[in-house]
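Subject: Structure handover

Hello,

Here is the structure for you to look over. My notes follow below it.

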Amino acid sequence: MENLNFTFISGATGGLGSQFAISLATQGKNLFLTARSDEKLNILSDKLKEISPNITVLKFACDLTNSENRQEMFDYIKENDVKFDALINVAGADIQKTFLQYTEEKLTFQTRVLFEGTISITRYLLSISPNGLKILTISSICGTLPIPYFAIYSAQKSALVTFFDALRYELKKDKRFTVTTILPGSIPTRPDIIEDIKKQGLTGKLSQKSPEYIVKKSLKALDNRKKNYIPGFYNKVVNFFQKITPKFIKIKIIASKFSNKEKDAF
Ligand SMILES: NC(=O)c1ccc[n+]([C@@H]2O[C@H](COP(=O)([O-])OP(=O)(O)OC[C@H]3O[C@@H](n4cnc5c(N)ncnc54)[C@H](OP(=O)(O)O)[C@@H]3O)[C@@H](O)[C@H]2O)c1
């Protein structure tokens, strides 16, 4: 892989990750894709080669919750001397339920895929990229406040913002490194999310932004070296008002929106 630079995308086969892959392939970027499903990675990789026949697409199926599996991916990168100039952290899982309904297995799954897997990839890629790395991470507007019945998701997304803000400070003296975190509202990616947005009525409609929009704005925010970016005017306004609202009031409002929802993932 001499002389080639790659963009690493986690969660590459999902609604948002695949849009990042398509946009970057269109720009002629070489891509390293990961997610758990080998089959989905192959389908995506074939599609990208059709879009942009001259790019190189590498893929490695990896369960980010499994540290041995992550190590196998890092070993593959090392053995093939793959070099990176950008990292896009997209992988995630959005289990929604009361905390007491969680099993130990689901709890470890969600925390590992959202946080441990993300910072593990970030650490490894930084360790092999002494000449610079652009790091873009997809958090969520849910990471800006505590959300009852969605507590693990909102806490882990918040942890990502805190972690990457701190990392950005650690790397700030070297302009070859960029650290940007995106906090999107709703994105109509999977059928269950599209259904959820519909049920929210006007607020769902106002908050949602297409994967294409999120990708375009996220890549622009990364190019402009923004620290945090909330896509969409409505989401920015909501964030402003929730910041000036006392916590005991906003937690009550947000709890009423999430108390009737339940969603699983593995
Ligand atoms: N959609 C929204 O409304 C919304 C809003 C704000 C933020 N976000 C965030 O945006 C990101 C992408 O969301 P999306 O809507 O595109 O979801 P999605 O379609 O469900 O995509 C999730 C991606 O993560 C991968 N993944 C899940 N568990 C994994 C694991 N254990 N190891 C490795 N990869 C794993 C999935 O691939 P495999 O299943 O093949 O592993 C898939 O590629 C997530 O971080 C989400 O929290 C989404």
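Which residue in β2 is the bridge partner of T7? It is L31. Please keep in mind that this is a predicted model.

Start with the strands. β1 covers residues 5-10, and β2 covers residues 30-35. The two run parallel, joined by 5 bridges. On to β3, residues 57-61. Another 5 bridges join β3 to β2, and this pair is also parallel. Here F32 stands opposite L58 of β3.

Next, the connections. β1, α1 and β2 form a right-handed β-α-β unit. β2, α2 and β3 form a right-handed β-α-β unit as well. Helix α2 spans residues 38-51.

Now the burial of β2. The strand is mostly covered, with 6 of its 6 residues buried. In a regular strand, side chains alternate between the two faces of the sheet. For β2, N30, F32 and T34 lie on one side. L31, L33 and A35 lie on the other. Both faces are covered. So two of the residues named above, L31 as the partner of T7 and F32 opposite L58, sit on opposite sides of β2.

Last, the ligand. There are 28 residues around it. G11, G14, R36, G92 and T189 come nearest. By class, the shell has 12 nonpolar, 11 polar and 5 charged residues. Which helix gives the most to this shell? That is α1, residues 15-26, with 3 residues. α1 is also the helix of the unit with β1 and β2.

Best wishes

Terms used
Residues numbered from 1 in each chain as written. Predicted model: local features only at pLDDT ≥ 70, side-chain atom pairs only at ≥ 80, totals over all residues. Near = placed C-beta within 6 Å. Helix = DSSP H or I, 4+ residues; strand = E, 2+ residues; numbered from the N terminus. Nonpolar A, V, L, I, M, F, W, Y, C, P; charged D, E, K, R; others polar. Buried ≥ 20, exposed ≤ 12 C-beta atoms within 10 Å, placed from the backbone. Pairing = 2+ DSSP bridges. Right-handed = clockwise from strand over helix to strand, strands pointing away.
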